Amino acid sequence: MLERLNQAMEQIERQLDSSVDVGELARVAATSEYHLRRMFSALAGMPLSEYIRRRRLTVAGAEVLAGERTLLEIAVRYGYGSGEAFARAFRAMHGVGPGEARRTGAALSSQPRMSFRLVVEGSSSMRYRLVHKPQFSVVGAKTRVPLVHSGPNQAIIDFVRRTSSGQSRELLEKLSDQEPHGILAICDDLDPSRAEGTELDYYHGVVTSASAPQGMATLPVPAGTWAVFVTSGPAPQAIQTLWRDAFTEWFPSNPYRSRPGPEILRTRMSADGREADAELWLPVEREAD
């Protein structure tokens, strides 16, 4: 997987002055476009689109300083429809406009080329199991929240507080009739980039075969395979680390890729709220041979 991902990185370098087809990158990496975006974001710490933008502006910056082409020629070469659009993007990355950079020889920022390699960092293993589930529904309260990579997500905390009356909780618990049991945190319709601050659908609900009561949202989920990961530790750090490790460690080491679908988290907190036992369900499919 890492070898093919590096081949995709080489493909990006060859296409910086043209349109980068993410579908073609996925074919080079021998995976789906959906999984490529997810894998890259987890491994690189930034969305694939952001990396491509920063690499383009890095090589464009070198051409600006070289002075061999006009600024408009450089803008067009790297996909900007006008000199003004190029100048705005250039300044956002480099902190200076292209004209000023050329006149003064200003220091510019640089996004290094990325490559991926396996690094052995310990002997700990991830605990997981694979589960095939028939179609089911997610039923519960729903809202739209921003994605937070590290630390508490205050929008989710506030939403759960508003919707977790004793009566609604009791009703949801009665609807839960299959794994994962109990009231869950369910994330769906995430932005493909998974960039910090992008929005997602958040359900405070249950997995069930029953119909939704009046006033509750329903998310139909088709049959499929799920990878189930477990962890215990400080909250929320242990849970966020589990999410990251699934994509940086488990997927590169196993013949599976992520597929579209909700990500389901079952959490049981300690009495003081500092520790958590968690079970993370991710929709997966086997990679083609």
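Trp250 and Tyr256 are both buried in this predicted model. For Trp250, the relative accessible area amounts to 3%. The ring centres of Trp250 and Tyr256 lie 5.9 Å apart with the planes at 25 degrees, so the two rings are stacked. Tyr256 also has a charged neighbour: Arg286 is placed over the face of its ring, 5.6 Å from the ring centre.

In total, the structure contains eleven aromatic pairs. One of them is formed by Tyr128 and Trp250, whose rings meet edge-to-face, with 5.1 Å from centre to centre and 70 degrees between the planes. Because Tyr128 belongs to strand β1 (residues 128–133) and Trp250 to helix α10 (residues 237–253), this pair ties together parts that are 122 residues apart in sequence. In contrast to the buried Trp250, Tyr128 is partly exposed, at 38% relative accessibility. Tyr128, Trp250 and Tyr256 belong to one aromatic cluster that is completed by Phe229, Phe247 and Phe251. A further charge placed over a ring involves Lys133, which lies over the face of Phe136 at 5.2 Å from the ring centre.

The largest nonpolar core comprises 26 residues, among which Tyr202, Phe251 and Leu282 touch the most other members. Two or more residues are given to this core by each of α8 (154–163), β3, β4, β6 (224–234), α10 and β9 (275–286). Helix α10 provides the largest share, seven residues. When residues up to four places away in sequence are not counted, Leu282 touches Thr225, Trp226, Ala227, Phe229, Trp243, Ala246, Phe247, Phe251 and Glu263. Phe229, Phe247 and Phe251 thus appear both among these partners of Leu282 and in the aromatic cluster. A second core, separate from the one just described, has 21 residues, including Val22, Ala29, Met114 and Phe116.

Strand β3 (residues 184–188) is mostly covered, with five of its five residues buried. Burial extends to both faces of β3: Leu184, Ile186 and Asp188 are buried on one side, and Ala185 and Cys187 on the other. Strand β3 runs antiparallel to strand β4 (residues 199–208), to which it is joined by five bridges. Its pairing with strand β8 (residues 263–269) is likewise antiparallel and extends over three bridges. Within these pairings, Asp188 stands opposite Asp201 in β4, and Ile186 is placed opposite Ile264 in β8.

Asp201, located in strand β4, has a relative accessibility of 11% and therefore counts as buried, the cut-off being under 20%. The side chain of Asp201 makes a polar contact of 2.9 Å with that of Arg144. Apart from neighbours within four places in sequence, Asp201 is in contact with Lys142, Thr143, Arg144, Ile186, Cys187, Asp188 and Asp189. These contacts include three residues of the buried strand β3, namely Ile186, Cys187 and Asp188.

Asp189, another contact of Asp201, is 33 Å from Ala87, C-alpha to C-alpha, and 102 residues from Ala87 in sequence. Ala87 is situated in helix α6 (residues 83–94). With a relative accessibility of 27%, Ala87 counts as partly exposed.

Key
Residues are numbered from 1 along each chain as its sequence is written. This is a predicted model: local features need pLDDT of at least 70, side-chain atom pairs count only at pLDDT 80 or more; totals for chains, interfaces and linings use all residues. Side-chain values use heavy atoms; hydrogens and water are left out. Rings of Phe, Tyr and Trp (its six-membered ring) pair if their centres lie within 6.5 Å; planes under 30 degrees apart count as stacked, over 60 as edge-to-face and the rest as tilted. Helices (H or I, at least four residues) and strands (E, at least two) are DSSP runs, numbered from the N terminus. Buried means under 20% relative accessible area, exposed over 50%, partly exposed in between (1.4 Å probe, protein chains only). A charge sits over a ring if NZ of Lys or CZ of Arg is within 6 Å of the ring centre and within 35 degrees of the ring normal. Two strands pair if DSSP finds at least two bridges between them. A polar contact is a pair of N or O atoms within 3.5 Å; within protein, one must be able to donate a hydrogen and the other to accept it, and residues adjacent in sequence count only if both atoms are side-chain atoms. Contact means heavy atoms within 4.5 Å. A nonpolar core is a set of buried Ala, Val, Leu, Ile, Met, Phe, Trp, Tyr and Cys residues joined through side-chain atoms within 4.5 Å.
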